[in-house]
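Let's take a walk through the open and closed spaces in this protein. Have the viewer ready, and we'll go from one space to the next.

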Amino acid sequence: TGALDVAAVRADFPILAETIGGAPLVYLDSAATSQKPRAVLDAERDFLAHGNAAVHRGAHTLAAEATELFEDARATVAAFVGAAGESLVWTSGATAALNLVAAAIGNASIDGSRYGLTAGDEIVVTEAEHHANLIPWQQLAARTGAVLRHIPVREDGTLDLEAGGRLIGERTRVVAFAHVSNVLGIVNPVAELVALAHAVGALTVLDACQSAPHLPVDLPALGVDLAAFSGHKMLGPYGIGVLYGRSEVLDALPAVLTGGSMVTTVTLDRAEFLPAPQKFEAGTQPVSQAIALAAAVRYLDALGMPAVHAHERMLERRMRDGLHRIDGIRLLGDAAADRVALCAFEVAGVHAHDVGQVLDDRGIAVRVGHHCAQPLHRRFGVTATVRASASVFTTADEVDAFLDAVSGVRAFFGVSR
Ligand code: PMP
């Protein structure tokens, strides 16, 4: 596949026909949640209308077909990140997947089993994490007596790997970090962090929420032990996400939720569990959402992830270059680096929420606030930023409309300097 045919892509997204107060919608909030192409909407509806049945049960034809579609979806989504179906656990989203990992390690700590923590062990995260990849580790540390440490972020937004190298040591048991921060947009050096972690035998946990929708991602090649991402950020539905794990790690980690569908023999006193991934999938699964997520990754695969990344790189440069030319803009983490199309910035003298309001008046949708990364905002001395993030359907003209609106913000509020 060559360059993206953005006009054709746009025709696939029904929501792009919407107007906001009379202006065409310019959707620059894909990092919060992406819009959905018709193929995804159709896949979910078609399954519910024509194929719905409980999977892994039932002797009837519809149940067998539903099971096949569900397991095909697992293989399809796994292949999208270079993995085999067995290494993919369905969850309700990245938050659920990251909490699942932390809770499983918590259970291993109680059992005294492999990957369990004891007091004084260390968990390393970065200063740039989304709360979803921070608070579960805070909780795990509090529960086990482990110590939580963080790799600092430099002024330019890159991770301080020298400090990371000093932090990751003999007591480090877990190193958890984002592939791409949802505020900085910079692609982090996964291989270097994995090498540091594996040199001391620590587990690596990758938050791939902001990379899987935008870059070619091969999780086994990256060498991470575990990874999480969310369907709704990658053109898929809500209520579905993924925990990827190397089979050795998934096999060793204890179950967290227990109940139906994850067992072999159950007596009144005890239960035998199925192997992973079923061991982590207690209860009825989000079947229609899984099938629709498979449609989303097929859609992205048909565009070609290298083409998606190239298109978004072009938009990212245009956005960043344009913001550099506007007075009073401070971009968070402005390093020249491999990036996704995402910029978070402050406008001097104007609150982020007011910037958002001015843009909304022109139909331009951006996110304002701390983007669930309060420690990172604190590190940069700000409480709120404006974040614009693009997707496969975003055009250069839309970026220009956004830049034009931002360039008028300070005058609108009568801010000089
Ligand atoms: N990590 C990152 C980097 C994110 O951007 C998000 C979503 N904002 C999450 C984790 C959490 O994802 P979800 O809310 O879909 O569980």
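Start with what lines the largest pocket: by class, you'll find ten nonpolar, eleven polar and five charged residues there. Keep in mind as you look around that this is a predicted model. The space in this pocket comes to about 310 Å³. Its lining is made up of 26 residues, and Thr95, His130, Cys209, Ser230 and Lys233 are the ones closest to the centre. If you'd rather navigate by secondary structure, go to helix H4, residues 94-111, which gives the largest share of the lining with three residues.

So what is in there? The largest pocket is where the ligand sits. Around the ligand you can pick out Ala94, Thr95, His130, Ala132, Asn182, Asp207, Cys209, Gln210, Ser230, His232 and Lys233. Sorted by class, that shell consists of three nonpolar, six polar and two charged residues.

Now zoom in on a few of the atom pairs. On the nitrogen side, a ligand nitrogen lies 2.5 Å from an N or O atom in the Asp207 side chain. His232 brings a polar side-chain atom to 2.7 Å from a ligand oxygen. Ala94 takes part through its backbone, with an N or O atom 3.5 Å from an oxygen of the ligand. How much of the ligand's accessible area does the protein cover? On its own the ligand has 400 Å² of accessible area, and the protein covers 86% of that.

Next, move over to the second largest pocket, which holds about 230 Å³ of space. Fifteen residues is the tally here, or as you'd count them on screen, 15 in the lining, with Trp90, Thr91, Ser92, Leu257 and Phe280 nearest the centre. Which helix gives the most to this lining? That's H4 again, this time with four residues. Strand E4 (88-91) is worth colouring too, as both E4 and H4 supply at least two residues each. By class, the lining splits into nine nonpolar, five polar and one charged.

Having seen the pockets, turn to the closed spaces. How many cavities of 30 Å³ or more turn up in a search of the whole structure? The search finds four. The largest cavity has a volume of about 80 Å³. To locate it, select Val55, His56, Arg57, Phe70, Ser261, Gln278, Glu281, Gly283, Thr284 and Gln285, which form its lining. In terms of class, these are two nonpolar, six polar and two charged residues.

One of those lining residues, Ser261, deserves a look at its backbone. Its phi is near 75°, a positive value in a residue other than glycine. You'll find Ser261 in the loop that runs between helix H9 (247-252) and strand E11 (263-266).

For the last stop, go to the loop between strand E12 (271-273) and helix H10 (287-303), where Pro277 is placed. Is the peptide bond from Ala276 to Pro277 cis or trans? It is cis, and its omega is near 5°.

How values were computed
Residues numbered from 1 in each chain as written. Predicted model: local features only at pLDDT ≥ 70, side-chain atom pairs only at ≥ 80, totals over all residues. Heavy atoms only, no water. Near = heavy atom within 4 Å. Polar contact = N/O pair within 3.5 Å; in protein donor to acceptor, adjacent residues only side chain to side chain. Areas by Shrake-Rupley, 256 points an atom, 1.4 Å probe, with all protein chains shown as cover. 1 Å grid on protein atoms, 1.4 Å probe; cavity = no way out; pocket = protein on both sides within 12 Å on 5 of 7 lines; lining within 4 Å. Sits in = over half its atoms within 2 Å of the grid points. Nonpolar A, V, L, I, M, F, W, Y, C, P; charged D, E, K, R; others polar. Points joined across faces, edges and corners; volume = space filled by probe spheres on them.
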